[in-house]
Every structure is written in C-alpha cells, then in structure tokens.
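Let's take a walk through this one together. Keep the viewer open and follow along from the sheet to the cores and then to the empty spaces.

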Amino acid sequence: MNKRERRAVPVGDTDPFRPSPERPVRCRARAMGHDTQFEPHHHPWGQLAYCASGLLQVTVADAAPNQTSGLETTTIVPPSRAVWIPPGARHAVSMLESSQLYTLYIDPSVVTAEWRRSRVLVVSALLRELVLGMELPHHAGDELRQRALSTLVLAELAHAPTQPLGVPMPDPQRGDRRLRAVCEAVLNAPAQHATLAGWAAHSGASERTLARLFRDELGMGFQRWRQQVLLAHALPMLARGTPVSQVAAAAGYASDSAFSAMFRAALGQPPSRFGPMTAGPA
C-alpha cells in the first residue's frame, strides 16, 4: 500500500511559547487539517504531544541531535493518550485525522533523568482539563494561576501510567533500506500479510534476511514487532468506539476471541477496557 501524501506545515515561531525555569510549562494549541505534518525537527525543551480530538502519528528518535544514531519509535495517538518527547529528541508529528493539537513545551530544568526517553502516557481526565486550562486567555497579574497550573501538570505527568505502544523503526540513516520499507508497509496496512514470508515477497529480501534484520536492528522478532503495530492501530479505533469485532477484522484476526486474547496478553486488559469512556487501566 502506498503511503498517503501529507502536506508539510512549518513548525512556526516558537519564541512566544519558549519555556523557562520561571515559567517551565507553556501551552500551544492549533487546529490541524487531515494529512498535514510537521517535518522532523528538535528543540532544547521537552514536549508533550496531545490531541483533544482527532488522531496523531508521532515519530521520535530518542538520541540527541549530536549523537550518531538512535532508535526511532512511531506511535499512533488517540485523545486518551499523549506522547512525551524528551529535550533534544528529533521528532515529527503527522495528523491522521483533522485534530485539535495541543503541545506542552517543558523546560529542561524540571525534566528528571527518568524522563530522558520518550514514552506513551495515559491522559487522565484531570490532565486533559489542565492542558485545556493552560491554553485559555490569560491576563496581567495571572502569574500565580499559571504557576499553579504548571505545578499540577508536572505532578500529573510524573504519575501518569505509561503503555508500551510505540513501534520501533530502523534508523533512517543507517538502517537497512529493505527493512525500513517493510516496516513502513506494515505500519500502513498491518493486516495485508500475517507472516514475514508474505511481506518478504514484496521487499527484495528473503524471509531469512528480514528475520535477521528485525533481530539485529530492532531487537525483536517480526511477530512481536507486528503485534506492536496491531496494538498501535487498534487502540485509536477502540477509543473512538469501534466495535471489537471490527477492530479484530481490521487487524486480520478471524475471531474476536483470538484478537482479545492477544490484546489482553499484551496490555493486561480486555479491548472493552479501552473504549471512549475510559482512560485505560486503573
């Protein structure tokens, strides 16, 4: 399947939103159209990518820009989840649907050592309201309110549950091009083939070669990696209220029970726990 063409939009002037030790959390809100994207870039502060509505795809390379390489991770993000991007990490954000995008810029002075890697966070009802509240118009003399909101946001981020929903991708510069082509094809249409042999037929590499590349470059076998892709696609569908039967069929499963068993084994909860009225595991 061919990748959809996306319209690149500039990151824009970030100076009005630049965080500082005195104001460590800043919020930027934008309404983004379907199939638009921010090209790969980086900045010295941390960032939380969150959409109040719509669907995002966030790709993060955890290595800092002055390092030689790093593992790239792609996550599909519904409104019940957000992606933490550490300071200096190269990242790109694409809209898979028209989205109300909120980005929190967070000063490095409040980023602890445990937060130097990207992660997927479960967005609580409180965190959602805090993010929305930070974007409301502010008035002169409102510094106390801003400090209080920043303190609460940082506390919620520190205690937010995380989920292993990112999909590791080969290094864009040094990774094997055949492996990356297969990974991108699976990410775009994960149910097209259930086995590595099926994908190998279209890759220009043998199944044996691809199996070795998955182990060497991504540190896992193809089936485990594809499971991460299936979960990444399934979660947003469930969050929008899509019936489990349709989600299972879209993932290429012949039965709801087989899909549910895979889902429960991976996340410890049944698919029904991830519907539009829930935020995820308690």
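Two strands count as paired here if DSSP finds at least two bridges between them. With that in hand, look at Trp84, which stands opposite Arg119 in β10. Keep in mind as we go that this is a predicted model.

That facing pair belongs to a longer story about two strands. Strand β7, residues 81–85, and strand β10, residues 119–122, are paired in the antiparallel sense, with four bridges between them. Go to Arg81 and you'll find Val122 of β10 standing opposite. On to the next neighbour: β10 and β11 also run antiparallel, joined by two bridges. Here Leu121 is the one to pick out, since Thr162 in β11 stands opposite.

Now zoom out to the sheet that holds these strands. Six strands make up an open sheet, and reading across you get β2-β9-β4-β7-β10-β11, with antiparallel pairing. At the edges sit β2 (25–32) and β11 (162–163), each of which pairs on one side only. As a general point, side chains in a regular strand alternate between the two faces of the sheet.

How does the sheet fit into the whole chain? The secondary structure comes to eight helices and 12 strands. The chain has 282 residues, and 51% of them are buried. Take the contacts with a separation of 6 or more: 76% of these are between residues 24 or more positions apart.

For a single case of sequence and space parting ways, try Thr112, in the loop between β9 and β10. Thr112 and Ala158 are 46 residues apart in sequence, yet their C-alpha atoms are 9.6 Å apart in space. Is Thr112 buried or partly exposed? Its relative accessible area is 36%, and because partly exposed covers the range between 20% and 50%, Thr112 counts as partly exposed.

Next, the nonpolar interior. The largest nonpolar core has 24 residues, and the members that touch the most other members are Cys183, Val186, Leu210, Phe214, Phe222 and Trp225. Who supplies this core? At least two residues each come from β12 (167–169), α3, α4, α5 (207–218) and α6 (222–239). The largest share is that of α3, with six residues. There is also a second, separate core of 22 residues, and its members include Leu48, Ala82, Leu127 and Leu130.

Val186 is a good place to stop and look around. Leaving aside neighbours within four places in sequence, Val186 is in contact with Trp199, Phe222, Trp225, Arg226 and Val229. Two of those names come back when you turn to His193: not counting residues up to four places away in sequence, His193 touches Gly198, Trp199, His202 and Arg226. You'll find His193 in the loop between α3 (177–188) and α4 (196–200). Is this loop residue buried or exposed? His193 has a relative accessible area of 18%, and since buried means under 20%, His193 counts as buried.

That leaves the empty spaces. Searching the whole structure for cavities of 30 Å³ or more turns up one. The largest cavity holds about 70 Å³ of space. Its lining consists of Val11, Arg30, Phe38, His41, Gln47, Ala49, His91, Val93, Leu101, Thr103 and Tyr105. The elements giving two or more residues to that lining are β3 (36–41), β4 (46–53), β8 (90–95) and β9 (99–106). The largest share, three residues, is from β9. By type, the cavity lining splits into six nonpolar residues, four polar and one charged.

Finally, move over to the second largest pocket, which contains about 390 Å³ of space. This pocket is lined by 22 residues, with Thr73, Ser118, Pro164, Leu165 and Gly166 closest to its centre. Our strands from the start show up again: two or more lining residues come from each of β5 (56–61), β6 (72–77), β7, β10, β11 and α6. Which element gives the most to this lining? It is α6, with three residues. In terms of residue type, the pocket lining has 10 nonpolar, eight polar and four charged residues.

How values were computed:
Residues are numbered from 1 along each chain as its sequence is written. This is a predicted model: local features need pLDDT of at least 70, side-chain atom pairs count only at pLDDT 80 or more; totals for chains, interfaces and linings use all residues. Side-chain values use heavy atoms; hydrogens and water are left out. On a 1 Å grid over the protein atoms alone, a cavity is a set of points where a 1.4 Å probe fits but cannot get out, and a pocket is an open set with protein on both sides within 12 Å along at least five of seven lines; lining residues have an atom within 4 Å of a point. Grid points are joined across faces, edges and corners, and a volume is the space filled by probe spheres set on the points. Ala, Val, Leu, Ile, Met, Phe, Trp, Tyr, Cys and Pro count as nonpolar, Asp, Glu, Lys and Arg as charged, and the others, Gly among them, as polar. Buried means under 20% relative accessible area, exposed over 50%, partly exposed in between (1.4 Å probe, protein chains only). Contact means heavy atoms within 4.5 Å. A nonpolar core is a set of buried Ala, Val, Leu, Ile, Met, Phe, Trp, Tyr and Cys residues joined through side-chain atoms within 4.5 Å.
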